[in-house]
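Colleague: I've got a chain on my screen and I'd like to learn how to read it. Can you take me through it?

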Amino acid sequence: MKRIYSVLVENRSGVLAKVAGLFWRRCFNIDSLTVGETEDSAVSNMVIVSSGEERTLEQVEKQLNKKLDIIKVRTFNENQGLCRELLMVKLRYKRDNRKDIMENCQILGAKIAELGHSQMIIEMCDTPERINMFLDTLKSVSILECARTGTLAMLKISESENK
């Protein structure tokens, strides 16, 4: 089972180490971790994706709420949140496979950010599942470098909020 923790923290040095230490000391796994400032430069938002048993994931939330540097913890599953990830991949192409790569980009919503004589950099912002699907289409191509941001997530808007 996966759980997403959207954690508002004070934007100070050492806070990330404390949160990561909490996971490390209790042998909880972090599948993905992203951190960035919010609209208030004194506050950062950490999005942590963790997997494990229900009891373990509940324990993580309780431990996070005990930390002094943490302002607010929201937890939700993948169905309740809007999840996105950014991918940048540099690959080597040949004349005979360039068209196929470009078609796959168009079909899956990826964008060619830079194009050279034999290499290209592709960027894609989508769900982690679609990012994985796109990477699978590139298995036959020579991938030179690949970078992913990790999951960013936000709780979806509920129907009651739309009224």
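Colleague: How far apart are the mean positions of the positive and negative charges of the protein chain?

Modeller: Bear in mind that this is a predicted model: local features need pLDDT of at least 70, side-chain atom pairs count only at pLDDT 80 or more, and totals for chains, interfaces and linings use all residues. Residues are numbered from 1 along each chain as its sequence is written, and side-chain values use heavy atoms, with hydrogens and water left out. Lys and Arg count as positive, Asp and Glu as negative, with His and the chain ends not counted, and each charge is placed at NZ of Lys, CZ of Arg, CG of Asp or CD of Glu. For the 25 positive and 23 negative charges, the mean positions are 3 Å apart.

Colleague: Where around helix H4 do its buried residues Pro-128, Ile-131, Phe-134 and Leu-135 sit?

Modeller: H4 spans residues 128-137; helices are DSSP runs of H or I with at least four residues, strands are E runs of at least two, and both are numbered from the N terminus. Buried means under 20% relative accessible area, with a 1.4 Å probe and protein chains only. An α-helix has 3.6 residues a turn, so residues three or four places apart point the same way. Pro-128, Ile-131, Phe-134 and Leu-135 are buried in H4. They cover an arc of only 120° (using directions from the helix axis to the C-beta atoms), which puts them on the same side of H4.

Colleague: Which strands help cover the buried residues of H4?

Modeller: Contact means heavy atoms within 4.5 Å. The cover includes helix H3 (98-108), and among the strands are E5 (81-92), E7 (119-126) and E8 (142-148).

Notes
Buried means under 20% relative accessible area, exposed over 50%, partly exposed in between (1.4 Å probe, protein chains only).
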